[in-house]
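Here are some short exercises to work through with a protein model open on your screen. Try each task before you read its solution.

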Amino acid sequence: AEFNSSHSNDAGSVTLSDIRLVSAAEPEKENTNYYFDEMFTLGISGSISKKEITIEWTVEDGDTAEISGSHFTYVFNTEMRLPKAVSSDLPEGFTVTSEGAQRYAGENYKAQAVLSEESDDMDARDYMLLNSSVTFSISKLDMNLGLNPAEVTYDGKEHTVETAVFSLPSDEEKTVGSGDTVTVNRKEYRLDFGISPSVNGETRPDITGFTDAGLYPYGLNSVKVYDANGTNVTDSIRLDISGGSLTIAPAYVKAGNITASSKVYDGTDKVTSLDTAGAVFEGMIAGDSLSLDDALLKARFSDKDVENGKTVYIEIPEDALLDGNGLKAKNYRLSIPEGETVQTVTATASITEGSITLAPGAFSDITYGDSVLLALSYEEGLAGDDRETDVTVKGEVKFTFEADGKKKEHSYTLPEEGILLSELSGLADIL
């Protein structure tokens, strides 16, 4: 008996030849009374079952994947990904491979095992593969991309946010610009993106930057990721995108050249008026304009006493600094020492002597030759909290007597140590 083919796919019949007859009563003995012609053959149907080969699935050497049952989960890395088919009972002369490789992120891809023969006299169709397929997915690669906050000090120039911060969920941050490359799991990726201000939640690429001091939100837009071959792989990347901001801090200035008015002694250290028209501001950008609100300034002399060229201390609060339009300055702040609330600058002015009035005391008529008792007393002119007991009079007191068109002058020298105003009333002189 012989099959028409040794391969299960082709085998369908069996040919019987060289048929001999045996005795029905004694099957072990040949019946020689009858015979078949030696050319006679008999055909019957028949089949060859396929041999079963069990396939096992694993990952390619050097690759990684999470395996859950018969499902493999890869993470995108720009390479073709496919589970590897292997078998421990593979016949000699045959190989098993898998088909269905995929490159980009996606769900429920199918890997199919394929049996191949190494020579023409072999036929892979003679075998049946068990567990011949599995499913697999390629998940998106996680990347973080956020804006690098920019902080500058007002300098009259336009500024913007120019760089972003790239990182993996468990990696250090790296500052990048659009067009820069990053390396993830030994694979290079190029990042292309735009950076634009965000105004009321709306991206405004038409705004190129800002000049004035303030806090300006920024956002990323048109983010694209390319592999080393220049292929757009953005759809295979899970991007966590965050915005940032541009901070333009006010510049610090120090005021100067403020003029204080001199005054006549008034018993206080107060300055009566200031002139800020010629004020200058150290640190101001050329072309800008600043001024001061005089009403908010406070000034005082170093003390209340009479003196030429005295030091005047001028206190300038933050709110007193105005821009060129007379509004509170936005781009500048006063340079104020830590722990202080005002900027203190100095000027010079004088306190000149005040004047007081003394009055001669009353005296009675006398007879020629008698003594005249004359007294002095304070009348007016003391300033502030000064009292008659605080002021000493020194020098000469001159008296002029006038009668019938005639004048008589007399002077009296006060004691060297002087006399308090409060004691003048007791002063007597014999004339």
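The exercises below move from the whole chain to its pockets and then to a single residue, and they all use a predicted model.

**Exercise 1. Overall form**

Task: Work out how the radius of gyration of the protein relates to that of a compact globule of 431 residues.

Solution:
- Start with the reference: a compact globule of 431 residues would have a radius of gyration near 22 Å.
- Set the protein beside that reference: its radius of gyration is 56 Å.
- Now turn to the box filled by the C-alpha atoms, which is roughly 210 × 40 × 30 Å along the principal axes.

**Exercise 2. Secondary structure, contacts and surface**

Task: Find how many helices and strands the protein has, then describe its contacts and its surface.

Solution:
- The count gives zero helices and 39 strands.
- Among contacts with a separation of 6 or more, 61% join residues 24 or more positions apart.
- For burial, apply the cut-off of under 20% relative accessible area; 32% of the 431 residues count as buried.
- The accessible surface comes to about 26,500 Å², and carbon and sulfur atoms hold 45% of that area.

**Exercise 3. The largest pocket**

Task: Describe the space in the largest pocket and say which residues lie nearest its centre.

Solution:
- The largest pocket holds about 520 Å³ of space.
- Its lining has 24 residues, and Thr64, Val75, Asn77, Arg81 and Asn185 lie nearest the centre.
- Sorted by kind, the lining residues are 10 nonpolar, six polar and eight charged.
- Strands β7 (71-75) and β13 (141-147) each give at least two residues to this lining.
- The largest share, three residues, is from β7.

**Exercise 4. The second largest pocket**

Task: Repeat the description for the second largest pocket, beginning with its space.

Solution:
- About 380 Å³ of space lies in this pocket.
- It is lined by 15 residues, with Tyr265, Gly354, Ile356, Asp386 and Val391 closest to the centre.
- The lining of the second largest pocket consists of seven nonpolar, three polar and five charged residues.

**Exercise 5. One residue in its strand**

Task: Locate His410 and decide whether His410 is buried, partly exposed or exposed.

Solution:
- His410 sits in strand β38, which covers residues 406-413.
- Its relative accessible area is 31%.
- Buried means under 20% and exposed means over 50%, so at 31% His410 is partly exposed.
- To place His410 further, take Val397, 13 residues apart from His410 along the chain: their C-alpha atoms are separated by 8.4 Å.

Key:
Residues numbered from 1 in each chain as written. Predicted model: local features only at pLDDT ≥ 70, side-chain atom pairs only at ≥ 80, totals over all residues. Heavy atoms only, no water. 1 Å grid on protein atoms, 1.4 Å probe; cavity = no way out; pocket = protein on both sides within 12 Å on 5 of 7 lines; lining within 4 Å. Points joined across faces, edges and corners; volume = space filled by probe spheres on them. Helix = DSSP H or I, 4+ residues; strand = E, 2+ residues; numbered from the N terminus. Nonpolar A, V, L, I, M, F, W, Y, C, P; charged D, E, K, R; others polar. Rg over C-alpha atoms; globule rule 2.2 N^0.38 Å. Buried < 20%, exposed > 50% of the residue type's maximum accessible area, 1.4 Å probe, protein only. Contact = heavy atoms within 4.5 Å. Areas by Shrake-Rupley, 256 points an atom, 1.4 Å probe, with all protein chains shown as cover.
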